[in-house]
Amino acid sequence: MADCGRGVALCETCTPKAACKLGVSDLRLTPEGTVLGRFVVPDDARGHVVAHGGWVAWVFDEALGLLPHRDDEWAVTTSLSIRYIRPVPIGAVIEVRSWLDDSDGDLRMLRGAMRLAGTDTVLAAASGRWLVLHDPDRHYDRARDWAREVIAEQATGGAQAVVAR
């Protein structure tokens, strides 16, 4: 896996471009068991004059989703709720911290906060649930097969029946 030049691994979408679309400059597990991330809000995240709320959600999904890896778990997002508190300025350096709030069997309830770097100014907060996968390859194979089936059905005009499954 390629990195963005600061030791941060790029995802499979960003690797071909050799650049992180999220603006990650650091994203890591801390010795305290939390995740800490630093991001520079890219111009591509522009909603109007500030970062788009979808970009904020994407950053939280990445930062909270890394947390199960501290226990060598692979997990997928089942729900994510964002509380938007202040606008997120384009070009700003932000920090995101996430932590485990609770767990119940294979569910992990996670929380996070987004701040302007070096300040106590909270821009957004997140909470969500992640489901631990015991067989990630099987999960992603099934998802890929389902997506192929939907796309094939769309090509023939029968997508309604497949999506409803």
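Select R108 and E73 in this predicted model. Their side chains meet in a salt bridge, with 2.7 Å from N to O. The two partners come from distant parts of the chain, 35 residues apart. R108 belongs to strand β5, which covers residues 107-116, while E73 lies in the loop between α1 (53-65) and β3 (74-84). Colour both by accessibility: R108 has 12% relative accessibility and therefore counts as buried, the cut-off being under 20%. E73, at 16%, also counts as buried.

This pair is one of seven salt bridges found in a search of the whole structure. Side chains of opposite charge can pair when their charged atoms come close.

Next, select R38 and E95. How far apart are the closest N and O atoms of this salt bridge? The distance is 2.5 Å. Here too the pair links distant parts of the chain, 57 residues apart. Follow strand β2 (residues 35-40) to find R38, and strand β4 (residues 93-104) to find E95. Are these residues buried or partly exposed? R38 shows 33% relative accessibility and counts as partly exposed. E95, at 25%, is likewise partly exposed.

Move now to helix α2, residues 136-155, and select D145 and R148. These residues form a salt bridge whose closest N and O atoms are 3.8 Å apart. Because D145 and R148 are three residues apart in the helix, about one helical turn separates them. An α-helix has 3.6 residues a turn, so residues three or four places apart point the same way. In accessibility, D145 is partly exposed at 45%, whereas R148 counts as exposed at 53%.

Finally, select helix α1, which has 13 residues. Draw a distance between its end C-alpha atoms: they are 18 Å apart. This agrees with the expected span of 18 Å, which follows from 1.5 Å a residue.

With α1 still selected, display its side chains. Which residues of this helix are buried? They are W55, V56, V59, F60, A63, L64 and G65. To see what covers the buried residues of α1, add the strands around them: the cover includes β1 (24-29), β2, β3, β4, β5 and β6 (122-133). Two of these strands have already appeared on the tour with salt-bridge partners: β2 carries R38, and β5 carries R108.

Notes. Residues are numbered from 1 along each chain as its sequence is written. This is a predicted model: local features need pLDDT of at least 70, side-chain atom pairs count only at pLDDT 80 or more; totals for chains, interfaces and linings use all residues. Side-chain values use heavy atoms; hydrogens and water are left out. A salt bridge is a side-chain nitrogen of Lys or Arg within 4 Å of a carboxyl oxygen of Asp or Glu. Helices (H or I, at least four residues) and strands (E, at least two) are DSSP runs, numbered from the N terminus. Buried means under 20% relative accessible area, exposed over 50%, partly exposed in between (1.4 Å probe, protein chains only). The expected span of a helix is 1.5 Å times one less than its number of residues. Contact means heavy atoms within 4.5 Å.
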